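Please look over the model shown here before reading on. The paragraphs after it go from the overall division of the chain to smaller parts.

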Amino acid sequence: MRLLLVLALVCSAYGKNEELEGDSLYKIRVQDVDQAQTLNELVNIFHLDVWSHPLPERDGYILVDQQDKLFFENELNAAGIEYEIEINNIKESIDLEEQLLSKTVGRSNVSSFGGFFEEVRRYDEVDRYLVDLANRYDHVEVVSGGRSFEGRDIKYLKISTTNFQDQSKPVVMIESLIHAREWITLPVTLYAIHKLVEDITDQDLIRDVDWIILPIANPDGYEYSHTTNRIWRKNRATDYVGCDGVDLNRNFDASWGIASGWFSCLDTFHGRSAFSEPETQIIRDILSEHRHRLGLFLDIHSFGSYILYGYGTGQLPPNGLIIHLVGVSMANAIDRVKWEANRNYLVGNIASVLYPATGGASDYAQIVGNSLSYTYELPAYRNQVNTMLGFLVDPEFIEQAGYETWEGIKVAVRYVAQNF
Ligand SMILES: [Zn+2]
């Protein structure tokens, strides 16, 4: 019995994030577009995990398996691409994150702010919170959009002073955590809910607009990133040959399959067909229901400090100029209050700024809503000793991320309210 217990302990200790032991995060600096192209080829050959794409003016971050490091460095050297190992053992940083976050548990009860968004919450907590808000506030309704692959209920809030009956109001939809590992996006969405429900300081925002907020678009992947693999990105579909999981943000019917992963083991795998996954079907159905008065769609991701718009093929939507100008206004509003050490937001078409990527949620919303649709890439918080960055969340940054992003969101919402 004792032996079994010891074995069980060893196994459980071994399980979580253990496969990341010894993997390194590389900082990559490319000089020109040719080098960026070479790097993309390497990424495909080695199936590397790109945390942030390098651009000539902006360093990128790539996670490399321990056994691929030597090869990878040789290839970079041959191409003359500059690099540095930013984090030698990512597992240590993940352990540090867990330690720091565990200290924040319960802090929202004692802080003066008392906000649910002040901690990184799990699926069950958020699920209960949404129901609780709907019970307590007249202008809030909770809706079950459907179930995830593993059967989790995907709930979203409808926030409206007129019960969604006033057809003259635009609808604003915010969605987060379609990519499981982008944890900071959840407190940001929860902050928005807080400002529309529990701490209303801008009456016009609920008077002039109807809101739909979906905090956890990919609950299975999100829970998996807590229990098993911190850097998991996709959903948890197990009905594919090869590897598990579909990149939900490549699974929408927007030039599906043109610029995305064709093979299940790739992190950008697009699935067997557009909308093959229950999680994307749910977002499709919400958009379809409100498409006639969709004013704004925001898909919140991390990281890199970008506000991106479609299309992922590089072609611009008909209202591309307005989309760009409103995007710049949002970026300016955030930059005014951001932490000094973080870089300014960059605004642009996703294919021009980063890389072609098709099948994304914001492209699909752009097509069906024909309004304003963006992908936010929140800033990467970095602590002073460079042991935490990218997807890893330092509790110190949680409230700031919510606050500054909300400053940006408000600008676009007011534009939509005035021009709808
Ligand atoms: Zn993402």
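Domain bounds, as used here, come from an automatic or database domain assignment. The model is predicted. For this chain the assignment gives domain 1, residues 20-88, and domain 2, residues 99-419. Between the C-alpha centres of domain 1 and domain 2 the distance is 27 Å. The contact between them involves 15 residues from domain 1 and 23 residues from domain 2.

Next comes an open sheet. Its four strands are arranged in the order 2-3-1-4, with antiparallel pairing. Strand 2 (49-52) and strand 4 (82-87) are the edge strands, each pairing on one side only. On average, neighbouring strands of this sheet are turned by 30° against each other, direction ignored. Strand 1 (residues 24-29) and strand 4 run antiparallel and are joined by five bridges. To locate this pairing in the model, start from Arg-29, whose bridge partner in strand 4 is Glu-82.

The zinc ion is the next stop. Which atoms coordinate the zinc ion? The donors are ND1 of His-179, two OE atoms of Glu-182 and ND1 of His-301, at 2.1 to 2.5 Å. Along the chain these donors follow the spacing H-x2-E-x118-H. Glu-182 and His-301 link distant parts of the chain, being 119 residues apart. Glu-182 sits in the loop between strand 7 (171-176) and helix 7, whereas His-301 belongs to strand 9 (residues 294-302).

Are these two residues, Glu-182 and His-301, buried or exposed? Glu-182 counts as buried because its relative accessibility is 3%, and His-301 is buried because its relative accessible area is 1%. The cut-off for buried is under 20% relative accessible area.

The geometry of the site can be read from its angles. Ideal angles for four tetrahedral donors are 109.5 degrees. Among the four donor atoms of the zinc ion the angles are 56 to 140°. Four donors count as tetrahedral if all angles lie between 85 and 135 degrees. The site of the zinc ion is irregular.

The last element is helix 9, residues 219-227, which is mostly covered. Of its nine residues, seven are buried: Pro-219, Asp-220, Gly-221, Tyr-222, Glu-223, Ser-225 and His-226. What do the buried residues of helix 9 pack against? They pack against helix 6 (123-136), helix 7 (185-197) and helix 10 (278-290), as well as strand 6 (153-159).

Key: Residues numbered from 1 in each chain as written. Predicted model: local features only at pLDDT ≥ 70, side-chain atom pairs only at ≥ 80, totals over all residues. Heavy atoms only, no water. Pairing = 2+ DSSP bridges. Helix = DSSP H or I, 4+ residues; strand = E, 2+ residues; numbered from the N terminus. Axes fitted to C-alpha atoms, helices over the stretch in contact; angles between N-to-C directions. Buried < 20%, exposed > 50% of the residue type's maximum accessible area, 1.4 Å probe, protein only. Contact = heavy atoms within 4.5 Å. Donors = N, O, S within 2.8 Å, 3.2 Å for Na, K, Ca; no water. Tetrahedral: all angles 85-135°; square planar, octahedral: opposite > 155°, others 65-115°.
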